[in-house]
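Trainee: Please take me through one part of this model closely, step by step, and then show me what else is worth looking up in the picture.

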Amino acid sequence: GYDVSKLLKTTGAVSYDPGFVNTAATSSAITYLDGDEGILRYRGYPIEELAEHSSFLEVSYLLIYGNLPTAAELDKFDQRIRRHTMLHEDLKGFFGGFPRDAHPMPVLSSAVSALSTFYQDSLDPFDDEQVEMATIRLMAKLPVLAAYAHKKSIGQPMLYPDNSMGLVENFLRLSFGLPAEPYEMDPIVVKALDLLLILHADHEQNCSTSTVRMVGSANANMFASVSAGINALFGPLHGGANEAVLNMLRDIQASGEPVEKFVERVKNKEAGVKLMGFGHRVYKNYDPRAKIVKNMAHEILAKLGGNDELLAIAMRLEEVALTDEYFISRRLYPNVDFYTGLIYKAMGFPEKMFTVLFAIGRLPGWIAQWREMMKDPETKIGRPRQLYIGEPERMYPSR
Ligand code: ACO
């Protein structure tokens, strides 16, 4: 019963597109995604090649600055990031303000938001030097904050970063190391985590990246915008899916319910049961990242001694789903997070940290997209329209 002509009168054409299924909110030169063909490229380079030949730091440089770095450029980027890993001492006290069992994601988003109170000299979105400082500070400090959020949630002391180490090594030591005990770095874990971070580094206008852009479109600073992105990523339909997948596999294992029966419940949409880690707004074919993670899961779990029974349940779920008409007709395939949780678990991370790991990976994408938007002369404050369906004008009751 809504009179669309009322809106048309004021604005010309209006599209109604819940979830922005068919609406491009921006142009971008960062990531190319073809969901029908299962293609993903960062700055033109196929994800498969970057996964095989590049490091996370190199891919971060590529996303943020547009080209693969030379050896000298990469070294400079690395050194600058290493120099900025330390946090202001007062920031450490900040972690004491949360309940002991706090989930590390909201702790991380709060800490990233708090960076704008500690680093007030890097808040101007239109000052190139300040934007560069915010970029380096975020790349350096977010993994440290993430490791501290983890330490907080398990009640262990926080270590100082060791700047003789690269980003991934430092993060692992801060997450698993203990004072006065040497931390034995497993090169398999370093390599696997580096690769998983590459696979998560950007995915064009997904929910958290669109959030970063929306908040940034009001000229909010980079810390504030990224903090908002972390909150969006926390949702179980987005980054929170990796944690939800492992919980789902565990529930199936604990209940002893046959996989086929669980899939039947999903198909019947029983109490909103979904096959977590399946489906994607854009991929209507196998997610190319999921392919890489699936291959890696076997190798890593064999080397690290992960939970084979959960992997077997995951593979059986995939097998059943991919031959079932419900999933075939809806073009539902495993997404990147169907297998990642099993790997993170084998590395020693608790479930609550899975989405935090996703946030570390997605950071360079958020930064690159925010920076691109700030330089784009077409950028306008994000402000969608609505179709008003509430009460028409009402008489205020006399009292
Ligand atoms: N399990 C069962 N059914 C599903 C699933 C699923 N995982 N995903 C979609 N469907 C069904 C829907 O119920 C719907 O069926 P209908 O046509 O009978 O109503 C149909 O497939 C289309 O799904 P939509 O919800 O309309 O698809 P949308 O693009 O809005 O959602 C999303 C995409 C949110 C990823 C969805 O597939 C989902 O909830 N998946 C599970 C959560 C998940 O894994 N999220 C991670 C996404 S990837 C990432 O962030 C890294």
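**A sheet, strand by strand**

Mentor: Start with β1 and strand β2 (residues 39–42), which run antiparallel and are joined by four bridges; a strand here is a DSSP run of E with at least two residues, numbered from the N terminus. As you follow them, remember that this is a predicted model, in which local features need pLDDT of at least 70 and side-chain atom pairs count only at pLDDT 80 or more, while totals for chains, interfaces and linings use all residues. Residues are numbered from 1 along each chain as its sequence is written. With that numbering you can find L33, which stands opposite L40 in β2. Now add β3 to the view, and you have an open sheet of three strands in the order β1-β2-β3, with antiparallel pairing, where two strands pair if DSSP finds at least two bridges between them. At the edges of this sheet lie β1, which covers 31–34, and β3, which covers 45–46, and each of these edge strands pairs on one side only.

Once the sheet is clear to you, turn to the ligand, which is surrounded by 19 residues, with A241, K274, F278, G279 and R281 the closest; a residue is near it if its C-beta atom, placed from the backbone, lies within 6 Å. Sorted by class, the shell around the ligand holds eight nonpolar, seven polar and four charged residues, where Asp, Glu, Lys and Arg count as charged, Ala, Val, Leu, Ile, Met, Phe, Trp, Tyr, Cys and Pro as nonpolar, and the others, Gly among them, as polar.
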